[in-house]
Amino acid sequence: SDVCSSDLTIGGFSLGEADIVRRAMGKKQIDYMKQKAEEFAEGAVKQGLGRDHAIELFGLIEKFAGYGFNKSHSAAYAMITFQTAYLKCYYAEEFMAALLTSEQDNTDKVVKYIDEVKRLGIKLLPPSIQKSLVEFSAFEDAEGNEAILFGLGAIKGVGNAAISKILEARADASFADMSDFISRIDSSKVNKKVLESFIKSGSFDDFGLSRRALLEGIDAIIEASGECSRAKKMAESSLFGDDSEMVTVRVNIENLPEYEPKRLLELEKETIGFYISGHPLDAFRAEIGDMHYTLSSEKDQIEDGSKALFIGKVEAITEKISKKGNKFGIITLMDFHGSMELTVFEKQLDAMEKMDKDKPLCFKVEVSNDGQGTKMRVMK
C-alpha cells in the first residue's frame with residue numbers, strides 16, 4: 001500500500017500502473033524496475049518535485065519491498081527473538097523439545113533441529129514405552145544429566161488411539177516387562193504393525209531384551225496378545241472377572257545378541273525417518289566440518305546457475321531412461337540436515353558403482369532455481 005501511495009502521489013502513476021509496480025517489486029523484476037524508476041522520477045519532476053530526491057525515494061521503496069515492516073512490528077519481533085534466545089540459553093532442553101514437537105511431522109526440520117541438539121551437547125534418548133509422552137520432553141537420565149526424550153507421537157505406524165490406550169494403562173503403574181505390557185494393553189489398538197514400530201524405534205529397550213530378539217519373537221508376542229484378548233472376553237462373563245490372574249499371559253522371549261549398529265540405525269530411520277542412536281556420518285563429522293560445503297537445508301537459498309558442494313551418504317540410487325533413450329539416475333543423498341535428490345548421468349552412475357557408498361561422497365553440482373523448485377545436476 002505504501003508503494004502504491006507513493007507512485008500515485010509523487011510519480012503520477014495511475015492506480016493500475018502503481019499496482020503493477022508493486023507486483024513487479026515482489027517478483028524482483030530488475031530491468032522492469034529500472035524502467036519504472038525513470039518514469040517515477042519524470043512524474044515527480046512534472047509535479048515540481050526534485051528528480052534526485054525522487055530517485056532516492058524510489059530506491060528506498062524498492063529496498064523496503066525486499067523485506068520490511070513498520071517499527072512497531074520490528075519491536076514486537078525483537079521482543080520475541082529475545083524471549084526465545086533467553087529460553088534456548090537457560091532452558092535449552094525444554095526449548096528444543098518444544099521446537100521438535102512443533103515440527104514432529106516435518107522430517108527435514110526435525111533432522112535439522114536434532115543436529116542442533118547434538119551441537120548443543122544435549123543427549124537425545126530414543127522413545128521409551130515406560131517414560132515417553134506423546135510429544136518430545138525434557139528428561140533427566142539415569143546419571144542425572146538433562147536430556148531430551150523422544151515422543152511416541154513421532155513414531156511412524158503408531159496411531160493416536162494406540163498411544164492413548166498405552167498411556168492410560170501406564171498411568172496405573174509402569175510396565176514390568178513385555179508380558180505385563182501385553183496383558184494390560186488393548187490388542188485391537190496395539191497390533192503387530194504398532195508393536196514392530198515400537199521395537200524398531202527402541203521403545204521397548206527398557207525391558208532388557210535386544211531389538212533383534214523382540215523382532216524375531218514377534219509372532220510369539222502376537223500370539224500371547226491374542227490369547228490375552230480372548231481371556232479378557234471370557235472374564236467379562238465370569239464370576240471371577242475382576243481376577244487379574246485370569247487376564248495375565250506370559251510370553252517367553254529368548255534374548256539374542258543385538259544387531260550391528262548399522263542395522264539399528266536402519267531400523268530407526270524406517271520408523272522415525274532419521275537416526276537417534278547415532279548417524280552414519282558421525283565418524284566423519286570432523287573431516288566434513290573442515291570442508292566448505294552446503295547443507296541440504298540450504299539448497300533452496302542457492303541462486304539460480306550457482307555451483308555448490310554437497311557431502312553425504314548415498315541412501316538410494318534409482319536408474320531411469322530419458323525420452324531420448326539415455327540412462328540417468330536419481331540419487332538420494334543424506335547429510336546432517338536431511339535428504340535431497342541429485343541427478344547424475346550414465347558415466348557418473350558407472351563411476352559410482354566402484355565407490356564405497358558406506359562412506360560419505362562429495363558431489364559438485366550446478367543448481368537451477370526457476371522459482372518453482374530447485375534442481376541439481378551433478379557435475380563431478
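Me: Helices are DSSP runs of H or I that span at least four residues and are numbered from the N terminus. In which helix is the place of Phe95?

Reply: The model is predicted. Leaving out residues up to four places away in sequence, Phe95 touches Thr84, Leu87 and Lys88. The place of Phe95 itself is in helix H6.

Me: Phe95 and Ile148 are 53 residues apart in sequence; what separates them in space, C-alpha to C-alpha?

Reply: Phe95 belongs to helix H6, and Ile148 stands 53 residues from Phe95 in the sequence. In space, the C-alpha atoms of Phe95 and Ile148 are separated by 10.0 Å.

Me: Are H5 and H6 oblique or roughly parallel to each other?

Reply: The axes of helix H5 (residues 71-90) and H6 come within 5 Å. They cross at roughly 120°. Angles under 35 degrees count as roughly parallel, 65 to 115 as roughly perpendicular and over 145 as roughly antiparallel, with the rest oblique. The relation of H5 to H6 is therefore oblique.

Me: By class, how many nonpolar residues has the contact of H5 with H6?

Reply: Thr84, Leu87, Lys88 and Tyr90 are the H5 residues that meet Ala92, Phe95 and Met96 of H6. One residue of this contact is polar and one is charged. The nonpolar residues number five.

Me: Are H6 and H7 oblique or roughly antiparallel to each other?

Reply: Helix H6 (residues 92-102) and helix H7 (residues 107-119) have axes that come within 9 Å and cross at roughly 170°. Angles over 145 degrees count as roughly antiparallel. The arrangement of H6 and H7 is therefore roughly antiparallel.

Me: By class, how many nonpolar residues has the contact of H6 with H7?

Reply: The crossing of these helices, H6 and H7, is left-handed. H6 contributes Met96, Leu99 and Leu100, while H7 contributes Val110, Tyr113, Ile114, Glu116 and Val117. No polar residue takes part and one residue is charged. The count of nonpolar residues is seven.

Me: Is Phe274 buried or exposed?

Reply: Phe274 has its place in the loop between H13 and helix H14 (285-289). Its contacts beyond four places in sequence are Thr107, Val110, Val111, Ile114, Phe150, Glu268 and Lys269. Its relative accessible area is 7%, and the cut-off is under 20% for a buried residue. Phe274 is therefore buried.

Me: What separates Phe274 and Ile114 in space, C-alpha to C-alpha?

Reply: Ile114 is among the residues in contact with Phe274. The two residues, Phe274 and Ile114, are 160 residues apart in sequence. In space, the C-alpha atoms of Phe274 and Ile114 are separated by 9.4 Å.

Me: Is H10 oblique or roughly perpendicular to H13?

Reply: Helix H10 (residues 192-201) packs with helix H13 (residues 261-272) at an angle of about 135°, and their axes are 8 Å apart. That angle makes the placement of H10 relative to H13 oblique.

Me: How many charged residues are there in the contact of H10 with H13?

Reply: H10 passes H13 in a left-handed crossing. From H10, Ser197, Lys200 and Ser201 meet Leu267, Glu268, Glu270, Thr271 and Ile272 of H13. Two residues of this contact are nonpolar and three are polar. The charged residues number three.

Me: Within what arc do the buried residues of H8 fall, seen down its axis?

Reply: In helix H8 (residues 160-170), the buried residues are Ala162, Ile163, Ile166, Ala169 and Arg170. They line one face of the helix, because down the axis of H8 they fall within an arc of 130°.

Me: Which exposed residues does the face of H8 turned away from its buried side carry?

Reply: What covers the buried residues of H8 includes helix H9 (178-184) and H10. On the face turned away from that buried side, the exposed residues are Asn160 and Glu168.

Me: Is Lys354 buried or exposed?

Reply: Lys354 lies in the loop between helix H15 (346-352) and strand S7 (361-369). Its C-alpha atom is separated by 24 Å from that of Pro261, 93 residues away along the chain. With a relative accessible area of 77% and a cut-off of over 50%, Lys354 is exposed.

Me: What separates Cys362 and Tyr293 in space, C-alpha to C-alpha?

Reply: Cys362 is found in strand S7 and counts as partly exposed at 39% relative accessibility. Beyond its neighbours within four places in sequence, Cys362 is in contact with Met291, Leu309, Phe310, Ile311 and Lys380. Tyr293 is 69 residues from Cys362 in sequence, and their C-alpha atoms are separated by 9.1 Å.

Notes. Residues numbered from 1 in each chain as written. Predicted model: local features only at pLDDT ≥ 70, side-chain atom pairs only at ≥ 80, totals over all residues. Heavy atoms only, no water. Axes fitted to C-alpha atoms, helices over the stretch in contact; angles between N-to-C directions. Helix = DSSP H or I, 4+ residues; strand = E, 2+ residues; numbered from the N terminus. Left-handed = near helix turned anticlockwise from the far one by under 90°. Contact = heavy atoms within 4.5 Å. Nonpolar A, V, L, I, M, F, W, Y, C, P; charged D, E, K, R; others polar. Buried < 20%, exposed > 50% of the residue type's maximum accessible area, 1.4 Å probe, protein only. Arc of directions from axis to C-beta.
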